[in-house]
Amino acid sequence: MTSRRTPPFGRALCAMITPFTDEGLLDLDGAQRLADRLVSEGCDGLVLSGTTGESPTTTDAEKSALVRAVADAVGDRAAIVAGIGTADTRHTTELALEAEKAGADGLLVVTPYYSRPPQDAVEAHFRVIADASGLPLALYDIPGRTGTRIEPETMLRLAGHPRIVAVKDCAYDLLGTQKVLAATELAYYTGCDEYVLAMYAIGGAGYISTVANVIPCHFRSILDAFEGGDPDEAIRLQQLTIPLTELMMGSGLPGSVTAKALLGALGLPAGPVRAPLRPAGRETVDGLRTAYERLVAAPAGV
């Protein structure tokens with residue numbers, strides 16, 4: 001067993017927002033420009049139509065169009081991982097096949113939500129999706145949103161499937177994570193921006209970050225410093241991101257709202273969020289911009 005999993009989609013992934021026009025329509029040109037910026041500034045992969053991408057309020061056709069447009073924009077410079085998770089196994093299977101046709105390199109599949117299926121049903125759901133296409137899967141474990149955990153024992157069984165290769169971990173259970181890391185070759189990506197260094201230090205593959213929409217190079221530098229043998233610098237760089245991460249992810253607003261607010265304030269593609277989400281207020285936007293400016297003005301090294 002190796003201590004560092006080979007990352008199937010690279011180490012540094014951004015959970016990309018889905019840009020909309022002022023009228024609330026899908027902005028494919030904006031998505032291409034944002035994707036190009038993210039990849040140019042250090043992202044190995046882009047996760048499209050995840051929670052940050054407002055997947056509950058985008059149509060199946062929009063999801064496919066987004067994959068095609070972003071794949072055209074970044075070519076072979078980055079992996080495209082399509083979020084396809086729904087509460088319906090049949091619908092998720094259909095989305096898996098459409099994402100494969102559209103040019104995705106992998107799939108992100110969240111636990112079925114709201115219905116709270118037992119673990120045997122969770123396992124069966126993921127196996128059906130994994131069997132449906134030829135693409136590798138990352139399982140998305142975020143019980144705070146779905147109401148259902150992918151228990152470590154279930155992960156251990158699913159790890160035997162040849163196309164289940166990774167996990168986006170938002171379970172806040174480092175003990176359970178380490179049990180699976182010690183026993184499988186699953187590549188663990190933290191989906192919690194405050195855990196980027198912690199997850200990498202215990203053998204994780206990297207991260208799938210919402211905050212990376214605005215500071216892609218900063219998160220990449222944390223991994224680069226650690227990989228380069230300078231853990232103290234990695235710690236410093238992680239700590240520099242905490243004020244902005246707290247405002248974006250711990251303020252009570254969804255990351256899609258705060259990411260779009262800050263991107264818009266910086267003149268980058270974003271647009272409005274779709275209902276039932278509502279835009280951030282002026283005070284929030286000002287706070288986000290101040291934290292961002294302090295971060296980018298921080299010394300490059302000590």
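Here's a quick briefing on the barrel, its last strand, the main pocket and the cysteines. Keep in mind that this is a predicted model. The centrepiece is a closed barrel of 8 strands, paired in parallel and running 1-2-3-4-5-6-7-8. On the pocket side, the largest one comes out at about 560 Å³, and there isn't a disulfide anywhere in the structure.

**Barrel and strand 8**

- Going round the closed barrel in the order 1-2-3-4-5-6-7-8, you get an average twist of 25° from one strand to the next.
- Strand 8, residues 206–209, is covered on both faces.
- Gly206 and Ile208 sit on one side of strand 8, Tyr207 and Ser209 sit on the other, and all of them are buried.
- One neighbour of strand 8 is strand 1 (residues 12–15), which runs parallel to strand 8 and is joined to it by 3 bridges.
- If you want a residue pair to look at there, Leu13 has Ile208 in strand 8 as its bridge partner.
- Strand 7 (residues 187–190) also pairs with strand 8 in the parallel sense, this time over 2 bridges.
- For that pairing, look at Tyr189, whose bridge partner in strand 8 is Gly206.
- To get from strand 7 to strand 8, the chain goes through helix 8 (residues 196–201), making a right-handed β-α-β crossover.
- As a general reminder, strands of a sheet pair through backbone hydrogen bonds, and the pairing can be parallel or antiparallel.

**Largest pocket**

- The largest pocket has a volume of about 560 Å³, and 29 residues line it.
- Nearest the centre of this pocket are Thr51, Ser55, Pro56, Tyr113 and Arg145.
- Four elements each give two or more residues to the lining: helix 2 (60–74), helix 3 (89–102), strand 4 (106–110) and helix 5 (143–146).
- Strand 4 gives the most to that lining, with 3 residues.

**Cysteines**

- The disulfide count is 0, and a disulfide here would need two cysteine sulfur atoms within 2.5 Å.
- Cys170 is in no disulfide, and its nearest cysteine sulfur, on Cys192, is 4.0 Å away.
- Cys170 counts as buried because its relative accessible area is 8%, with the cut-off for buried at under 20%.
- Cys217 is in no disulfide either, and the nearest cysteine sulfur, that of Cys43, is 9.2 Å away.
- With a relative accessible area of 36%, Cys217 is partly exposed.

Definitions and conventions:
Residues are numbered from 1 along each chain as its sequence is written. This is a predicted model: local features need pLDDT of at least 70, side-chain atom pairs count only at pLDDT 80 or more; totals for chains, interfaces and linings use all residues. Side-chain values use heavy atoms; hydrogens and water are left out. Buried means under 20% relative accessible area, exposed over 50%, partly exposed in between (1.4 Å probe, protein chains only). Two strands pair if DSSP finds at least two bridges between them. A crossover is right-handed if, with the strands pointing away from the viewer, the path from the first strand over the helix to the second runs clockwise. Axes are lines fitted to C-alpha atoms, for helices over the stretch in contact, and angles run from 0 to 180 degrees between N-to-C directions. On a 1 Å grid over the protein atoms alone, a cavity is a set of points where a 1.4 Å probe fits but cannot get out, and a pocket is an open set with protein on both sides within 12 Å along at least five of seven lines; lining residues have an atom within 4 Å of a point. Grid points are joined across faces, edges and corners, and a volume is the space filled by probe spheres set on the points.
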